[in-house]
Amino acid sequence: MSTPSGEVQSGQLDFAKEEERIIAYWREIDAFKTQLKLSEGRPEFSFYDGPPFATGLPHYGHLLAGTIKDVVTRHASASGYHVVRRFGWDTHGLPVEREIDKDLNIKSKTDVYALPATETSTGGISTYNEKCRAIVMRYSSEWRATVERIGRWIDFDNDYKTLNTSFMESVWWVFGQLYEKGQVYKGRKVMPYSTGLTTPLSNFEAGLEYDNVNDPTVVVAFTLVDDPKTSLLAWTTTPWTLPSNLALCVNPNFKYVKVYDEERGQNFILLEELLKTVYGDEKKAAKKKDAKDAKPKYKKVGEYTGKEMLGWRYVPLFSFFADRFKDTAFRVLNDLYVSNDDGTGIVHQAPGFGDDDYRVCLAHGVLAVEDEPPCPLDDVGNFTDEVPDFKGQYVKDADKEIIKHLKAQGHLIVHSNIVHSYPLCYRSKTPLLYRAIPAWFVRVEPIVDQLVENNSTTTWVPDHVKTGRFGNWLKNARDWNVSRNRYWGTPIPLWISEDMEEIKCISSVKQLEELSGVKGITDLHRDKIDHITIPSETGRGVLRRVEEVFDCWFESGSMPYAQVHYPFENKERFDNTFPAHFICEGIDQTRGWFYTLLVLATHLFGKAPWRNLITTGLVLAADGKKMSKSLKNYPDPNEVINKYGADATRMFLVNSPVTRGDDLRFREEGVRDVIARVLRPWHNSLQFFLQQVALHKKTGLNPEFVYEAHAKRSENVMDRWILARCQSLIDLVNKEMAAYRLYTIVPRLLNLVDELTNWYIRFNRRRLKGEDGREDTILALNTLFETLFTLCRTMSSYTPFLTESIYQQLRVFIPASPNEDTRSIHFLGFPDVKQEYFDTVIERQVKRMQTIIELTRTIRDRKTLAFKVPLKELIVFHPDQEYLDDVRPLQRYIESELNVIDVHFTSDESKAGVRYSAVADWPVLGRKLRKDIGRVKAGLTKVTSDEVKKYLETGKITVDGIELVAGDLAVRRSAGELEGGESSKYDTNSDNDVVVLLDVTKYKELEGETLARELINRIQKLRKKAGLQATDDVEIYYKFENGVGQDLLDAMKSHGDFIRKTVRAVPKDISERGAGGKELINEEQEVLETKFDLTIVKN
């Protein structure tokens, strides 16, 4: 590294540039691989990395998940585990194919098969897959650079890719196991279908994206065969499904009415409570002023139950499928799924486009299982020649023409529009259609209870997602469509005879070679194996592979096994590390990766594949909207990291609501705040330590500081307190990391950095500067060193760069350890809690001192008394002698911090003018007293201080005749009138326990010290502006205009020692400056309206 260890740095640290130097250092020592080597032989901590696609660049969601994964695995490594971390790539499926489809303008299967051959492909699927393979790792170098820059240690050189033959073979094995267990079947189900991707999706994919869309709604009349003047009215939001209608469905338990429509001269049948769908809301109409408008336009002429309507026949709206289904279709069916929520209570049935429609039609014999329901659409959602009137039209576009046709035929009764939530394809953003498709399914419904039970054995953070969003999804899980009618993916390994009677499920390359006779198979993609046939064992000719490939979710769900080529290799290693200790992804994976992992592991091994899981919320733009490249509503992640650094970005993300499963509005200012509130003060603490070491080396007080891990215990209260606080942090991090609650740790770090900088260092500057002698100085330096070192070791997983940077500065002071590689903080173990450092008495003492100081600071702020103004007296009252004994040894710190000459501790109420008052938790007391609570509220204002004090002693008091006991009231202490009438010069404050009284009078005899402090302030600012370190010796000169500045000169004379100790020199008159010396800086200053020049000279 370019910065020498143990030397004071000039100027403020540029965190981002320092991180780049750290990365260079890690590369130099091959830090990650070295750390893995050092931890070999330890217990294994297993971690599964969900594979991203490399066809897009990493975004904040990736940075968030990557940071959490890095924090957890770094901590596990530091805690005594060997942690293998392999990066994975999702290289198959729709995200890749979508890119090729756009590039090559592919709209259908015909377009794929028409692709020409190239020098390295044979055309068709071969060319298509060649194009896919060429782009799957398009942004892999950018991914690698970003992951390294964010500080994540993970192995890219030994990564896994879902396109590798070893990975695909394990996927085959997983499927083969399910097939052997009877958990795979081919069925025709109505599935969500993406016309943009020309393939069905799984149910959980269909739930990933919704949008509000404007769709037409129509009420259509279906004329009864036996009563041409009467029609059944059905309501639908998908007019494009009406050409495929085969039936109408009513609820057998509902009552339907037959009404005569006077305007149309026809009879209509619909549910009575839904007449408003056709005729509007009668109650609202009745409220109108014009009574004529309120009269109904129909009259009731009949009534039927849904059960009575079963079997009624009606005339088909369209003739396209009339002949094919004339014997079984176009009649009324019964089913309880029909609701009275909206519509007409009569639902049109298009079994090719509705799950319930298909089920009901099968149940009533409209269709047989082997029948193919009407589904006159091509791959991209256009009508085929089965519906010649609308051939070539996209279904959503055809709505208008279909509605126009219905109107012309007199079947359109109502036409309006509705805005409703509708599922979109999460990849192509096109509306999903539901259509009956033959597909291969993995059974999930029979194992739902087992899925719920296995999930219950795992730890989720946050827990509510486990039982809520994910738990509810599991309880309603349906069989999983694992097949896709696509090309670039792992082929489903089923070879089938032409009559579908003979099926071979292949589980390995070796099995395929043995059964087919084809040797040397090295690639399992479609273009490499689709031509391979297997001779039939039952005289059915040859078996050919089914066309479908696996849903890429099946591949990622197989990742625990496929990444290590299980069971063909690494069987013992897998058996010893399954299930994983930890996984982490975004909350959207509750219906994705988390779900598929659990389904497959439950089928294969009967247990969950993870022990601990962290799921994160979504990272949104600052305005709460989804981050959008086109809108440019968020800062580029790389720019943020390069500006503020990875540590600040990591801490901002980990400390945000997103790690508790809530959404985060990303704000660049939030990252900047982390530097100001945590990283900068932390680093400044290091610089202060290095400055003191350099100073004492220069003065000879302590020529060579060496850290003593087992130094004798300091008796200084503040030394012991800050070390105890460090142990508390270690203990907290241990416990919270074991529970995977990362979000609780950063606030505690923030507290400790504040305690270190604003309490320990601030209160011990004089000791650290050597004012209390060599021995005490060494104890103080050793304490500060141990605090900084402990912070580094404890927080190295959260802020890997800054802890490394600080450690490299500290390492020079640590005695060499010949048997340990100490070149990196990340090679060191997580610190053990030193129980002997805990001291409840000391923690109580300091806490009480802090309370007194904060109460008194508030008085100064309230009276606008700057810290530089010395005050004469502070009185601290508490009735408990233990409290006063606790803070009395810390009097020096209180006086110094508050710039008070004298502090007096007393338990004498008269000296402090203490008064007592009582308050109540009114809701709680109200439940106890009920109607008497009003009397107590009024009476409590009349209770005297002495009465409250007696209640404090006896636990009993009577308020307006109501007896109250201990616990009913809370007692508060405050200051009242002092003896001798001195109250006017004091201002008071209290936390309802301790009372402080501060003499806020400005005394003439104390003004000299105020001026000395103001002068010190100007000199320190000038030194800093000149770029000087604390160890730099310089001469300081002043120049006053004639006749001014005598007060300042007197202050320099009377407080010379104080000034010299603080800034290492007392200013001299400019006339005393001799020849030579380099003038570093000269500026005009002003103190209390006195102007003068200050000059700093380096000799």
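Visitor: How much space lies in the largest cavity?
Guide: This is a predicted model, and a search of the whole structure finds four cavities of 30 Å³ or more. The space in the largest cavity comes to about 80 Å³.

Visitor: Which helix gives the largest share of the lining of the largest cavity?
Guide: The lining residues are Q35, R74, S77, A78, R85, W153, S796, I825, H826 and L828. By class they are four nonpolar, four polar and two charged. The largest share, three residues, comes from residues 60-78, helix α3.

Visitor: How do the residues lining the second largest cavity divide by class?
Guide: The second largest cavity has a volume of about 60 Å³. Its walls are formed by G93, L94, E97, R484, R486, W488, V549, F550, D551 and C552. Sorted by class, the lining of the second largest cavity holds five nonpolar residues, one polar and four charged.

Visitor: Which elements give two or more residues to the lining of the second largest cavity?
Guide: The lining of the second largest cavity includes L94 and E97, as well as V549 and F550. The elements that give two or more residues are α4 (94-104) and β22 (549-550).

Visitor: Are helices α27 and α32 roughly parallel or roughly antiparallel to each other?
Guide: Helix α27 covers residues 668-699 and helix α32 covers residues 800-810, and their axes lie 11 Å apart. The packing angle is about 5°, and angles under 35 degrees count as roughly parallel. The two helices α27 and α32 are therefore roughly parallel.

Visitor: How many charged residues are in the contact of α27 with α32?
Guide: From α27 the contact takes L679, W682, H683, L686, F689 and L690, and from α32 it takes L802, T803, I806, Q809 and L810. These divide into eight nonpolar and three polar residues, and the number of charged ones is: no charged residues.

Visitor: What is the order of the strands in the open sheet with mixed pairing?
Guide: Strand β35 (residues 1035-1040) pairs with strand β38 (residues 1090-1098) in the antiparallel sense over six bridges. Strand β37 (residues 1078-1087) is joined to β38 by nine bridges, also antiparallel. The open sheet has four strands, in the order β36-β35-β38-β37.

Visitor: Why is one side of β36 and of β37 left without a neighbour in the sheet?
Guide: The order of this open sheet is β36-β35-β38-β37. Strands β36 (1068-1069) and β37 stand at its edges, so the reason is that each has a single partner strand.

Visitor: Which helices pack on the sheet, touching β35, β37 and β38?
Guide: One helix covers residues 1007-1025, and its direction makes about 140° with that of β37. Another covers residues 1046-1054, and its direction makes about 150° with that of β35. Their names are α40 and α41.

Visitor: Which residue in the turn of the β37 and β38 hairpin has a positive phi?
Guide: In the paired strands, E1079 stands opposite V1097 in β38, and N1082 has T1095 as its bridge partner. The hairpin leaves two residues between β37 and β38. The turn residue with a positive phi, about 50°, is L1088.

Visitor: Which are the edge strands of the open sheet β4-β3-β14-β16?
Guide: This sheet has four strands with antiparallel pairing. Strand β3 (residues 184-194) pairs with β4 over two bridges, and Y193 stands opposite P200 in β4. The strands that pair on one side only are β4 (199-200) and β16 (480-481).

Visitor: Is the peptide bond from V461 to P462 cis or trans?
Guide: P462 lies in the loop between β15 (459-461) and α17 (463-467). Omega of the bond from V461 to P462 is near 5°, and the bond is cis.

Visitor: What is omega of the cis peptide bond from F578 to P579 near?
Guide: P579 sits in the loop between α23 (571-577) and β23 (580-586). For the cis bond from F578 to P579, omega is near 0°.

Visitor: What is the phi of N570 near?
Guide: N570 is placed in the loop between α22 (559-562) and α23. Its phi is positive in a residue other than glycine, with a value near 55°.

Key:
Residues numbered from 1 in each chain as written. Predicted model: local features only at pLDDT ≥ 70, side-chain atom pairs only at ≥ 80, totals over all residues. Heavy atoms only, no water. Axes fitted to C-alpha atoms, helices over the stretch in contact; angles between N-to-C directions. Parallel < 35°, antiparallel > 145°, perpendicular 65-115°, else oblique. Contact = heavy atoms within 4.5 Å. Nonpolar A, V, L, I, M, F, W, Y, C, P; charged D, E, K, R; others polar. Pairing = 2+ DSSP bridges. 1 Å grid on protein atoms, 1.4 Å probe; cavity = no way out; pocket = protein on both sides within 12 Å on 5 of 7 lines; lining within 4 Å. Points joined across faces, edges and corners; volume = space filled by probe spheres on them.
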